[in-house]
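Student: Could you take a close look at the aromatic side chains and describe how their rings are arranged?

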Amino acid sequence: MNSIYIDKYMFWNAFLKALEERVSVHSFNTWFKPLVLHDLSNDVLTVSVPQQYYSSWLEEHYLSLLNSTATNLLGRNILIRFVVSAQENTPEEQQLTDHVTTHESSSSPHHDSLLEELNINPRFTFNTFVVGHSNQFAYAASKAVADAPGLTAFNPLVIYGGVGLGKTHILQAIANSYISSGKASNDRGKIIFVSSEKFTMDFILSIQKNQTAQYSQYYRAANILLVDDIQFFNNKERTQEEFFHIFNDLHQKGKQIVLTMDCPPSHLKGLADRLINRFQWGLVTDIQPPDFETRVAILKKKAENDGVELDNAIADFIASNITANIRELEGSLIRLLAYSSLHGTDISLQMASDILGDTFRKTSRTISIESIQKLISHHFSLSPDLIIGESRRKEVANARHIAMYLCKQLTSSSLKTIGLNFGNRDHSTVIHSIHLVEKKMNSEPAFLKLIQDLTNQTKNAF
Ligand code: ADP
Ligand code: MG
């Protein structure tokens, strides 16, 4: 199919045309017309946007549309990347954009598929991070290590806290700050940002390819090693061992290590004591849910970054309804901005209440994992213990997969938490179950109907 598109501009025209057919005229003119083709390499379509907020918006609202449209046209899986067009950038942003772009388009042969690409969001900087009581210590320590990696007493620096409170943001801010200071520009290997899941997957791959030595070498060459969400190392003994040796080597050489996790090190489950012990050698600091004032400040700053001044009353309204998760705070604001832009109206308190009121009411009636387990056990006439237990009987496993799928769809619990509530299963088992359900939904209409019914039943029970 891809031979139709002799050159990338032909593809681009077809791409825009397909999008035009799928969205309203207003959305097309607002969000898609200003886009410019930056590059199309094998699997990556790089799109140039006039301003930073376009990419946030497109990522939030249209990423799957963009993905599926490009994938359909080219007949292969396409990743979408955004760059901000050069003339609009501040020097700092330009440096970051350059870095990200060159990095994405150049594949370093000796790292091959084993090794992590620096996957840093240029928007996650110290400048865009709002500081309040809840996070000021983590912020100050992170800035200190970004300025003088390996030279402070904060090594390792460990930041822990709940979901959506800014751990990844602050970790990447360290990377962004280091990169924009120019210190990393000559040798990208010197700073490594990786999620613990990616670290694990790459390690497994390196074992398969007999390349564990190269794998270890790559990490040992880091000047700063940033590892996100350490809790996912749980029960992965060999990965932990590998990480232990890398940690020791880097620490001994005075290289900076920064780690995030969802609980204090001492509460980590399934991690070796010797690792937990080392996590406490430097500084352990937490990020708490933001207080009301910080939530308002975050909302105002986000709006300002998108060129909108947010009325105090509206910021107050959102901040008093969403208290525990900054990602949701952002999500609400983006919905309002999108609505106001698409309808050409200013944001008002009435609009905020109309659009967000439902969401606020829903989040206050939370659906729990336990309630889903009960409902499923009732529906299939199986005891909850069976569903949580070890049985591999087909009907039990089927009910278990469905229950896990619903938990992922209808609660805000992480895969890890879901796994823990299903007889301490690993999060990869949860992912596998969800995939099975999705596959079956795609191929069996009756099954799809069943899932829809169960979803409605669960929702209506609250
Ligand atoms: P976590 O990794 O802790 O789950 P993230 O770092 O992904 O959370 O943060 C979720 C979202 O909230 C991100 O878009 C991030 O930019 C935003 N965010 C979190 N904390 C702050 C903050 N203090 N100031 C501004 N934005 C924040
Ligand atoms: Mg995170």
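Tutor: In this predicted model, Y62 is buried, because its relative accessible area is 12% (buried means under 20%, exposed over 50% and partly exposed in between, with a 1.4 Å probe and protein chains only). F32 is likewise buried, at a relative accessible area of 0%. Local features require pLDDT of at least 70 and side-chain atom pairs 80 or more, whereas totals for chains, interfaces and linings use all residues. Residues are numbered from 1 along each chain as written, chains are lettered from A and ligands numbered from 1 in written order, and side-chain values use heavy atoms, without hydrogens and water.

Across the whole structure, 17 aromatic pairs are found (Phe, Tyr or six-membered Trp rings with centres within 6.5 Å; planes under 30 degrees apart are stacked, over 60 edge-to-face, the rest tilted). One of them joins F32 and Y62: with centres 4.9 Å apart and planes at 70 degrees, the pair is therefore edge-to-face. This contact links distant parts of the chain, since F32 belongs to helix α2 (residues 25-32) and Y62, 30 residues away, to helix α3 (residues 52-74) (helices being DSSP runs of H or I, at least four residues, numbered from the N terminus).

Y218 and Y219 also pair edge-to-face, because their planes lie at 80 degrees, with ring centres 5.1 Å apart. Both Y218 and Y219 are buried, and they belong to one aromatic cluster with F199, F203, Y215, F233, F243, F247, F279 and W281.

A further ring, that of F244, has the charged end of R274 over it, 3.8 Å from the ring centre (NZ of Lys or CZ of Arg within 6 Å of the centre and within 35 degrees of the ring normal).

Key. Helices (H or I, at least four residues) and strands (E, at least two) are DSSP runs, numbered from the N terminus.
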